[in-house]
Amino acid sequence: MKTLDWNTLFGERARRIQASTIRELLKLTQRPGVLSFAGGLPAPELFPKEEAAAKAAEILRQKGEVALQYGPTEGYFPLRAWVAEWLGVSPEEVLITTGSQQALDLLGKVFLDEGSPVLLEAPSYMGAIQAFRAYGPRFLTVPAGEEGPDLKALEEALNQEYPRFLYLIPSFQNPSGGLMPLEARRRLLEMAMERGLVVVEDDAYRELYFGESRLPSLFELAREAGYPGVIYLSSFSKVLAPGLRVAFVVARPEVILKFTQAKQGVDLHTPVLNQILVHELVKEGFPERLDRIRTTYKAKAQAMLEALDREMPKEVAYTRPKGGMFVWMTLPEGLSAEALFRQALEENVAFVPGGPFFANGGGENTLRLSYATMDRERIQEGIRRLGKAVKGLLATA
Ligand SMILES: Cc1ncc(COP(=O)(O)O)c(CN[C@@H](CCCC(=O)O)C(=O)O)c1O
């Protein structure tokens with residue numbers, strides 16, 4: 001009988017697909033006793049378990065024939081209408097997706113051909129890099145820091161090339177925690193409008209601000225200016241429950257139509273029961289829930305920063321986030337976050353090395369710490385362990 005070599009049987013696109021570092025690391029961190037700062041996993045204590053249990057039972061009893069049946073690809077209309085009202089758009093501009101991760105894949109499917117230039121920040125969200133990479137694009141990157149992308153570098157890049165789209169996370173960027181100031185947002189939009197550039201705004205952390213209020217999204221600023229070129233992504237993962245896999249895309253009807261056609265070929269529709277459950281959970285008391293979530297993450301961030309200030313040697317730099325879920329750490333030049341990862345695992349603490357957040361390489365001395373999942377005591381203990389591993393690495397440098 002002929003043996004099968006699957007690698008030769010897989011298609012060209014499949015051979016490009018690489019594992020998600022976060023997903024692979026999360027397996028490692030399941031080991032008992034490991035304190036993990038790896039995944040941006042929302043605080044489980046915030047999940048509305050009791051409320052969801054009651055509402056799910058009620059939905060199945062009263063609307064079981066809808067909740068358990070195939071549904072429209074665009075999404076459960078009452079949820080689309082709720083998102084539309086929340087964002088001040090029409091339901092025809094809203095598509096419900098199975099997590100923002102699916103929207104990232106649809107972006108690749110709809111906009112990218114082999115070799116298409118796509119522009120993103122360095123570092124940027126590795127889930128987006130992974131989703132886009134499957135379509136064989138040519139990645140262009142601009143440096144990003146605590147105030148978002150370097151606009152001078154962005155202008156230079158845009159003067160060289162017209163990318164299929166620019167992918168950004170303006171508020172509490174993953175992994176760098178960056179927050180684009182209002183002036184920078186306006187400047188970026190001017191550059192996009194001059195060129196007719198498609199801008200993808202991934203606003204996963206829009207509500208997780210620690211200050212008094214939220215900055216206007218690029219999407220809102222573009223609408224004010226009458227520019228239709230911003231495609232807006234956000235999700236219920238960070239403000240409700242990631243396991244429900246319910247998120248949305250907001251864009252011009254022509255874009256939503258094409259994304260819907262593409263989604264038909266992927267999963268027909270997002271699970272109907274989950275969509276109805278999300279709608280039931282957000283239609284009352286959502287603002288109060290958001291306040292509780294912001295207070296929780298602000299306290300967790302504070303706990304991590306206090307511990308870092310206490311445990312980390314002065315050679316190590318790290319951000320002081322104004323929202324979101326992450327602290328971005330930079331080791332002295334020449335030190336490897338991968339080497340630190342191995343040393344840290346011996347101390348039973350884990351994080352995500354920064355390399356996979358750089359689409360074109362680099363960032364070997366960077367790492368991302370998520371404070372979202374653990375309570376204050378374990379955050380402090382985890383950082384104590386990490387501090388020990390960092391000092392060990394510095395001693396061998
Ligand atoms: C900027 C940005 N865009 C989309 C997503 C994915 O959100 P969904 O849950 O798919 O709606 C995320 C979620 N990222 C988390 C979750 C990854 C969880 C995992 O792979 O287990 C992380 O970076 O750790 C994100 O940060």
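Which residue's side chain meets that of R187 in a salt bridge? The partner is E155, with a nitrogen-to-oxygen distance of 3.1 Å. The pair belongs to a predicted model, in which 28 salt bridges are found. This briefing describes selected salt bridges, one sheet, the surroundings of the ligand and an annotated domain.

**Salt bridge between R187 and E155**

- R187 is part of helix α9 (residues 182-195), whereas E155 is part of helix α8 (residues 151-160), so their salt bridge ties together parts that are 32 residues apart in sequence.
- R187 has a relative accessible area of 26% and is therefore partly exposed, because buried means under 20% and exposed means over 50%.
- E155 is likewise classed as partly exposed, at 28% relative accessibility.

**Salt bridge between K388 and E347**

- The side chains of K388 and E347 form another salt bridge, with N and O 3.3 Å apart.
- This pair links distant parts of the chain, the two residues being 41 residues apart.
- K388 is located in helix α15 (residues 376-396), while E347 is located in the loop between α14 (337-346) and β12 (349-350).
- K388 is partly exposed, with a relative accessible area of 49%.
- E347 is partly exposed, with a relative accessible area of 23%.

**Salt bridge within helix α15**

- R385 and E381 form a salt bridge in which the closest N and O atoms are 2.8 Å apart.
- Both residues belong to helix α15, and because they are four residues apart, about one helical turn separates them.
- R385 counts as buried, because its relative accessibility of 17% is under the 20% limit.
- E381, by contrast, is partly exposed, with a relative accessible area of 25%.

**A network of salt bridges**

- E12, R15, R16 and E114 are joined into one network by salt bridges that share partners.

**An open sheet of four strands**

- Four strands, in the order β10-β11-β14-β13, make up an open sheet with antiparallel pairing.
- The edges of this sheet are β10 (317-318) and β13 (352-353); each has a single partner strand, so one side of each has no neighbour in the sheet.
- Strands of a sheet pair through backbone hydrogen bonds, in either a parallel or an antiparallel manner.
- Strand β11 (residues 326-330) pairs with strand β14 (residues 366-370) in the antiparallel sense, over five bridges.
- T330 has T366, in β14, as its bridge partner.

**Surroundings of the ligand**

- There are 19 residues around the ligand, and those that come nearest are R23, G40, Y205, S237 and R245.
- R23 places a polar side-chain atom 2.5 Å from an oxygen atom of the ligand.
- S100 contributes a polar backbone atom, which lies 2.7 Å from an oxygen atom of the ligand.
- D202 has an N or O atom in its side chain that lies 2.7 Å from a nitrogen atom of the ligand.
- The ligand exposes 590 Å² when taken alone, and the protein buries 92% of that area.

**An annotated domain**

- An unreviewed UniProt entry places the feature "domain: Aminotransferase class I/classII large" at residues 52-386.
- The span of residues 52-386 is 44% helix and 16% strand.
- The end C-alpha atoms of this span lie 36 Å apart.

Key
Residues numbered from 1 in each chain as written. Predicted model: local features only at pLDDT ≥ 70, side-chain atom pairs only at ≥ 80, totals over all residues. Heavy atoms only, no water. Salt bridge = Lys/Arg side-chain N within 4 Å of Asp/Glu carboxyl O. Buried < 20%, exposed > 50% of the residue type's maximum accessible area, 1.4 Å probe, protein only. Pairing = 2+ DSSP bridges. Near = heavy atom within 4 Å. Polar contact = N/O pair within 3.5 Å; in protein donor to acceptor, adjacent residues only side chain to side chain. Areas by Shrake-Rupley, 256 points an atom, 1.4 Å probe, with all protein chains shown as cover. UniProt positions renumbered as here; feature names shortened; annotations may be inferred.
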